[in-house]
Amino acid sequence: MKLLLSLLLLSCSLWSQAQKAVSGTVKDSRGKVLPGVSITLKDTYDGATADSLGRFSFNTTEGGKQVLIASMMGYKSLELPLDLQATLSPLNLALKEDITEMKAVVISAGSFEAGDRKKGTVLTSIDIATTASGNADITGALKTLPGAQQVGESEGLFVRGGTAAETKTFIDGTLVNNFFFSSVPNVAQRSRFSPFIFKGTVFSTGGYSALYGQALSSALILESIDLPEQASANLGISMIGFSGGYQSLAKNKKSSFGGNYSYSDLRPAFSLIKQQQDFFQTPLFHNADFNFRIKTSHTGILKYYGYFNWSRLGFTTPSLDTLGYNDLFRLKNINTYHNLSWRESLGRGWKLQTGISFTYNRDTARSGLASEKQEEVLVKGMEFRNLGWNNRSEYFNAKLVLEKKLKGLSALRFGSELNQVDEQPLFTLYDGTRFSGKIRDNITAVFSEADVYLTNNLAAKVGGRLEHSSLMERTNLAPRVSVAYKVGSNGQASLAYGQFYQNPETRYLNGPTTLNFMRATHYIAQYQKVANDRTLRLELFQKDYDNLVKTSLQNNREMANSNKGFGYARGFEAFWRDKRTVKNLDYWVSYSYLDTERDFLNYPTAIQPSFAAKHTASVVVKRFVTQWKTGFNAAYNFNSPRPFFFIAPNGNGGNKFLDRGETPPYHNLSFSLNYLPALGKGGAKQSTVLVLSVSNILGLHQEYGRRYSFNGQRFEAILPPAKRFVFIGAFISFGVDRSQDVINSNL
Amino acid sequence: MKKIFFLSLLLFAFGFGNAQSERYLKTMEAKVAAIDTTYNPAGLVELANTFERIGDAEKTQWLPYYYAALAHVNSGLMQMNGGSVDAAKTDPIADKAEAALNKAAALTPDNAEVQILRKMIANLRMMGDPMNRFMTYGQQGAQALAKAKTLNPDNPRIYMLEAQDKFYTPEQFGGSKAEAKTLFETAMQKFASFKPESSLHPQWGKRTVQYFIAQAK
């Protein structure tokens, strides 16, 4: 027995004395050497790290059957049984790549992402707010990206030959119905929401996901901020008004609430800066918003944002119909928007994102002829020009998306959406005759989409969307596919195809003609390279339109008569951004070539529409000079001539052109400056930002097209409301150093 | 006979266990010393891998994981070039450091040293894109340091990191060389009275502080 024991002990110590060499090389599945791989004998200290040639070797005193593990981040770990009693020849190990977010391609055809940490980000939220020509308006900044037109006479994003109505905006997943302030003839309006409240922006100029519908051309997808970093209060004063707000944050950092109020009156500004329009009521706005955000769990958050706005304005411009008279326009608007959203991880790879939003909007407006004293008058033979309308609309939107994570980065998403439209327009003619329309439509949709990552280099998104409109009693099915392939270490190529359906605008829906969905088919090819603070994007696209609405004049009203409109848009776009070449200087350049024609509404034939220019370009430059505590931003926007025309009935039931032409090319150079006097007083609990911004600094002549008299015989160029607009303001925040934010908001 | 057998077995087991622990001490001592003298990223990665092996083999020791995280962070910080790093390279390093540190944290909850490393990882991430990440990681780092202070206000490395922040932040953004110097001196005083729990417990940083104090003169 003793002998046995001592033998046992001896052999044990013999084992531990015996040194055995283990060596080999590690490669990836394609035979490329992998330096830095960690090689370990499981549960022992012994191992090594692969050198620059993927080689490793180490000695071990372990014996018997062991397990060798080779591991490296981004690769699947490899376990290899090893018998240390046997003779060992050098090992050849091959590691398989793991599909990871860091390395995988991003399906990006057609979309520009602006977020803080996401990959594939082209612009951050900060960039959006500091773009000189953007005037702190989200859409203003997006107009410096390829795909968007520089239309100045009306609001909205005109994307790749599409109308503004073909772009839809979504906040936290749900559709926003009155994203812009109510239209005013020939003056583009701003978007209603401050860029401050969003942390992420995706601007898709085509080929977007099946989660979004009812947009033929483009989707603007905004994600609101979660909990703030700290509680704070802010005050602002500028030449257009004042604002104040407070944002609280619970001690446990699990909930927050806040609100803001702003009052804007453009009277002082308009008395200094002459406007094209002669205002008898300068634009006046009361704006209030409220929010709360509650963490419902470690992963979940419930968010509410509520918005109230009251505004009014009234002006006249010299009438083209009757000399010596004025055209009058007066508008009062009440708008309220509420959005409640909830996102939560349900465990086992399931995620829920749901939200509801409600909008109430009322426009009370009048237009007609007025005397020189700006009093409304009836002119014989022109009485029909005097018209009032009171449009009340309510919208309710709900959306639910479920996501299931599959192997690797692959995921399956599906859900449903409801967009309820209730519009009650009421028109009053000069003689008191009233006619009202009533439109109720429930657009219901179900959708499903799968992200399939085959390898880190190849991914596809395949989806479909089924939609039904209760008003038209029609259903459509829209397939969407996109594929991304990695080219080289930082480049990727993507292809996208998709069909997109949209209801005709509601104003065409209450006629006698039964309409169908309008349709666009997108084909997109993209190349993108992002490396070292430089981004290059090249995109080719083709878009075919079917079933556009055609209209004709019935009893002096433009009514839809068929879905026989059609069109196409094709083009090439380039984007280049560089933050590296010149130190502290950040700039981007974008260019779009657009070839488009369409036959819709009252067009006699297919023509290039008035909202499309062949060439559009922007250059945006930003620089912050720390010694001067000042940021300088400049932007230059250009577009080649845009067409304008006047269409009148030809007497045979069709239409003809009475006038056709092109605007001169458009140039605009804008500049803005942010000065932070408190910068450098480290830890200051209060910070001030002074903002100065000037549009069209060179005072160049800009024309947006022509406005015509009722009979088309007389016309006049549509000019910007002011040749040059200057904005000056001061913004103070307390509690937290928000200087960075405030500079960026500009307003 | 049976007794002897069990006794021997016990002795054997004890001896074996003791040998393990001796081995742990010896290996760790050599490797912990190496962290102070390794100045190239590849060497640090190798060290980090070694520490992770030790951690995985020991299973109950937080120090190997702690040092693995430290070696990763240091290798990331070495990529620094003019105040910023290439996030594509350093984010995966920060991920590795964080993974190792989470293992350490699971073994020693409420440890100031772990919080201090959290701050360093936040710094590394922030440098990947300072303009856009400042709000998130600046805050995250500050919170980790605040927590470290509540856990052990006498840890000199807290003040050293605070001082470095002050030192490197431009004056326009709240930095101050003078305030940095005061903080470095506080760190130095804390180092003078700081007693690590064992020779293997973290005690690095003194030389860095000396260097900065010399710089500030």
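# A guided tour of chains A and B

Begin in chain A by selecting strand β9, residues 167-171, together with strand β12, residues 218-224, and you will find the two running parallel and joined by five bridges. What you are looking at is a predicted model, and its confidence values are a later stop on this tour.

Within this pair, pick out F170(A), whose bridge partner in β12(A) is I221(A). Now add strand β10, residues 174-176 of chain A, which pairs with β9(A) in the antiparallel sense over three bridges; here F170(A) stands opposite L175(A). β9(A) and β10(A) make a hairpin that has two residues between the strands, and if you select D172(A) in it you will see a residue with a positive phi near 45°.

Before leaving β9(A), look at its surroundings: are its residues buried or exposed? The strand is mostly covered, with five of its five residues buried, and this holds for both faces, since T167(A), T169(A) and I171(A) lie buried on one side while K168(A) and F170(A) lie buried on the other.

## An open sheet

Next, select strands β3, β2, β5 and β6 of chain A, which form an open sheet in the order β3-β2-β5-β6 with antiparallel pairing. The edges are β3 (47-49) and β6 (78-83), each of which pairs on one side only, and neighbouring strands of the sheet are turned by 15° against each other on average when direction is ignored. Inside the sheet, zoom in on β2, residues 38-41, and β5, residues 65-71, which pair over four bridges in the antiparallel sense; a pair to label here is T40(A) with its bridge partner in β5(A), I69(A).

## A single residue in a strand

Move on to F290(A), which you will find in strand β16, residues 278-295 of chain A. Why does F290(A) count as partly exposed? The reason lies in its 15 C-beta neighbours inside 10 Å, given that a residue is buried at 20 or more such neighbours and exposed at 12 or fewer. If neighbours within four places in sequence are left aside, F290(A) is in contact with G259(A) and G306(A). Y246(A) can be selected as well, for it is 44 residues from F290(A) in sequence, with 9.7 Å between the two in space, C-alpha to C-alpha.

## Two residues with positive phi

Now select N547(A), which is not a glycine and yet has a positive phi of about 60°. N547(A) belongs to strand β28, residues 534-554 of chain A, and it is buried because 21 other C-beta atoms lie within 10 Å. For a second case go to K629(A), also not a glycine, whose positive phi is about 55°. K629(A) is placed in the loop between β31 (615-625) and β32 (630-639) of chain A, and with 18 other C-beta atoms within 10 Å it is partly exposed.

## A hairpin further along chain A

Continue to strands β33, residues 643-649, and β34, residues 655-662, which pair in the antiparallel sense over seven bridges. The bridge partner of P649(A) in β34(A) is N655(A). The two strands form a hairpin with five residues between them, and G651(A), in the turn, has a positive phi of about 90°.

## Confidence along chain A

If your viewer can colour by pLDDT, turn this on for chain A, where the mean is 88 and 91% of the residues reach 70 or more. Where does pLDDT stay under 50? One such stretch is residues 7-16, for which the model has three contacts beyond four places in sequence. Another is residues 116-120, where pLDDT is below 50 and the model has 10 contacts beyond near neighbours in sequence.

## Across to chain B

For the last stop, hide chain A and colour chain B by its domain assignment, which gives domain 1 (19-152) and domain 2 (154-217). The centres of these domains, taken over C-alpha atoms, are 18 Å apart. Where the domains meet, 13 residues of domain 1 are in contact with 11 residues of domain 2. On the side of domain 1 that touches domain 2, the elements that give two or more residues are α1 (2-37), α5 (112-127) and α6 (130-151) of chain B. The residues of that side of domain 1 divide into seven nonpolar, one polar and five charged.

Technical notes: Residues are numbered from 1 along each chain as its sequence is written. Chains are lettered from A and ligands numbered from 1 in the order in which they are written. This is a predicted model: local features need pLDDT of at least 70, side-chain atom pairs count only at pLDDT 80 or more; totals for chains, interfaces and linings use all residues. Two strands pair if DSSP finds at least two bridges between them. Domain bounds come from an automatic or database domain assignment. Two residues are in contact if their C-beta atoms, placed from the backbone, lie within 7 Å. Ala, Val, Leu, Ile, Met, Phe, Trp, Tyr, Cys and Pro count as nonpolar, Asp, Glu, Lys and Arg as charged, and the others, Gly among them, as polar. Axes are lines fitted to C-alpha atoms, for helices over the stretch in contact, and angles run from 0 to 180 degrees between N-to-C directions. pLDDT is the predictor's confidence in each residue, from 0 to 100.
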